[in-house]
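Biologist: I am new to this structure and would like a close look at a single part. Please choose one strand, start there and work outwards to what surrounds it.

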Amino acid sequence: MKDVMPAILSVVLSYAISTFGLNMYLEKAGTSTSNSKEKVVAVKKKTETPIKKKKVEIAKKTPTKTPSKIEKNISVDSKDIQKSYENWNTYNKENIDLMSSFTAIDDSGKKVGKELFLNLLRTGLYIPIKTDKPYNYQLVEINADADSKIKKTIRSAAKIAVKYHNMEGKKLPEYDFVDINGVSYNKKDTEGKLLVLKCWFITCKICVEEFPELNALVDRYKDENVEFVSLAFDKGDKLTEFLKTKPFKYSVIPEQKDYMNKKLKVKQYPTHVIVDTDGTILKMTNNVRSLTHELDKITGKNNS
């Protein structure tokens with residue numbers, strides 16, 4: 001036991017330090033510092049009387065003409081969209097893009113950093129809701145009786161989003177690509193150009209479905225200093241045959257699974273990466289809508 005106890009204390013101390021920042025925020029916000037539902041319930045039981053009083057007060061104020069800060073900012077009924085997973089999934093697909101550059105607002109109406117916002121979503125205590133301003137998302141407490149799939153979907157999306165967010169600002173890993181036509185793409189070849197990468201593979205249905213939109217994006221930027229390159233899992237001969245029936249205007253680099261998984265640390269397919277002229281990753285996203293918005297913003301094309 002003497003040998004085991006120091007090891008246990010070491011593990012506990014490490015965990016406490018790594019979650020200290022998030023816990024401090026949750027304490028200030030009046031939320032339990034535990035990520036587990038059981039501990040949240042335990043805290044509520046200890047303060048049962050104040051919480052009951054608060055709920056009565058809120059219930060009395062609801063019919064009045066002075067809505068809360070959150071109600072003023074959000075035009076959707078957050079309880080309604082949580083009534084079923086289908087309701088939430090439809091709303092989420094149409095309104096929420098955690099990969100985008102958005103203004104993050106906590107459940108009290110205050111602006112917070114994107115990383116903190118995403119980590120709070122990973123606790124499973126909140127859902128993101130779009131406010132009345134474009135690309136403004138606000139945290140709202142998840143309903144106790146909400147479908148567990150809603151929580152799982154949010155936590156999974158937030159986990160990937162925070163990983164991609166943390167890749168932004170870092171240098172693109174060294175590369176020396178050769179496409180299926182024998183054209184070379186390395187740091188020297190793409191120097192001074194904005195590089196747009198797409199990560200995909202032939203059997204990824206969504207990856208292929210977005211080809212038409214990406215082809216339109218290539219056409220839109222044909223006179224700009226932008227290089228569109230795609231990295232695929234598949235071998236060159238299979239890609240050549242496949243692309244005969246599925247036209248794609250990006251340059252296509254075969255057999256790049258290891259580069260995407262091990263160096264670029266791609267977690268979802270498709271993934272799009274915008275790289276600055278100096279090789280710095282500016283944005284990582286998983287959909288054409290966000291890619292187009294971010295590329296237009298970076299180049300200033302949306303203001304032209």
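Modeller: What follows is a walk outwards from one strand, taken step by step.

A word of caution before we set off: this is a predicted model. Let us begin at strand β3, residues 126-130. Four of its five residues are buried, so please picture a strand that is mostly covered, with buried standing for a relative accessible area under 20%. In the sheet, β3 has β4, residues 136-141, as its partner; five bridges join the two, and they pair in the antiparallel sense. To see the pairing residue by residue, look at I129, which has Q138 of β4 opposite it. Then move to K130, which stands opposite Y137 of β4. The two strands form a hairpin with five residues between them, and there you will find Y135 with a positive phi near 55°.

Now let us see what touches this strand. One of the residues to look for is S78, which belongs to helix α6, residues 78-81. Is S78 buried or exposed? Its relative accessible area is 17%, and because the cut-off for buried is under 20%, S78 counts as buried. Setting aside its neighbours within four places in sequence, S78 is in contact with I127, I129 and V140. I129 is a residue we have already met, opposite Q138, so it is a handy landmark when you turn the model.

Next, step across to β4. Five of its six residues are buried, so the rest of the structure largely encloses this strand. Besides β3, β4 has another partner: strand β1, residues 103-105, pairs with β4 in the parallel sense over three bridges. Here A104 stands opposite Y137, while I105 stands opposite Q138. Y137 also has K130 of β3 opposite it, and Q138 has I129. A general point helps when you follow any one strand: in a regular strand, the side chains alternate between the two faces of the sheet.

We can now put the sheet together. It is an open sheet of four strands, in the order β2-β1-β4-β3, with mixed pairing. At its edges are β2 (111-112) and our starting strand β3, each of which pairs on one side only. Helix α7, residues 85-95, packs on this sheet and touches β3 and β4; the direction of α7 makes about 50° with that of β3.

From here, let us look at a pair of helices. Helix α8, residues 114-121, packs with helix α9, residues 148-167, at an angle of about 155°, and their axes are 8 Å apart. Because angles over 145 degrees count as roughly antiparallel, that is how α8 and α9 are described. Their crossing is left-handed. On the α8 side, the residues that meet α9 are K114, E115, L118, N119 and L121; on the α9 side they are I154, R155, A158, A161, V162, H165 and N166. By type, the residues of this contact are six nonpolar, three polar and three charged.

To finish, here is another sheet to set beside the one you know. Five strands form it, in the order β9-β8-β7-β10-β11; it is open, and its pairing is mixed. The edge strands are β9 (251-253) and β11 (281-285); each has a single partner strand, so one side of each is left without a neighbour in the sheet. From one strand to the next, the twist averages 20°. Strand β10, residues 271-275, runs antiparallel to β11, with four bridges joining them, and I274 stands opposite K283 of β11. Helix α15 packs on this sheet, touching β7 (194-200), β8 (226-232), β10 and β11, and its direction makes about 10° with that of β10.

The same helix α15, residues 288-299, also has a helix beside it: its axis and that of helix α12, residues 211-220, come within 10 Å and cross at roughly 15°. That makes α12 roughly parallel to α15. The crossing is right-handed. E213, L214, L217 and R220 of α12 meet V288, L291, T292, L295 and D296 of α15, and the residues of this contact divide into five nonpolar, one polar and three charged.

Terms used:
Residues are numbered from 1 along each chain as its sequence is written. This is a predicted model: local features need pLDDT of at least 70, side-chain atom pairs count only at pLDDT 80 or more; totals for chains, interfaces and linings use all residues. Side-chain values use heavy atoms; hydrogens and water are left out. Buried means under 20% relative accessible area, exposed over 50%, partly exposed in between (1.4 Å probe, protein chains only). Two strands pair if DSSP finds at least two bridges between them. Axes are lines fitted to C-alpha atoms, for helices over the stretch in contact, and angles run from 0 to 180 degrees between N-to-C directions. Angles under 35 degrees count as roughly parallel, over 145 as roughly antiparallel, 65 to 115 as roughly perpendicular and the rest as oblique. A crossing is left-handed if the near helix is turned anticlockwise from the far one by less than a right angle, and right-handed if clockwise. Contact means heavy atoms within 4.5 Å. Ala, Val, Leu, Ile, Met, Phe, Trp, Tyr, Cys and Pro count as nonpolar, Asp, Glu, Lys and Arg as charged, and the others, Gly among them, as polar.
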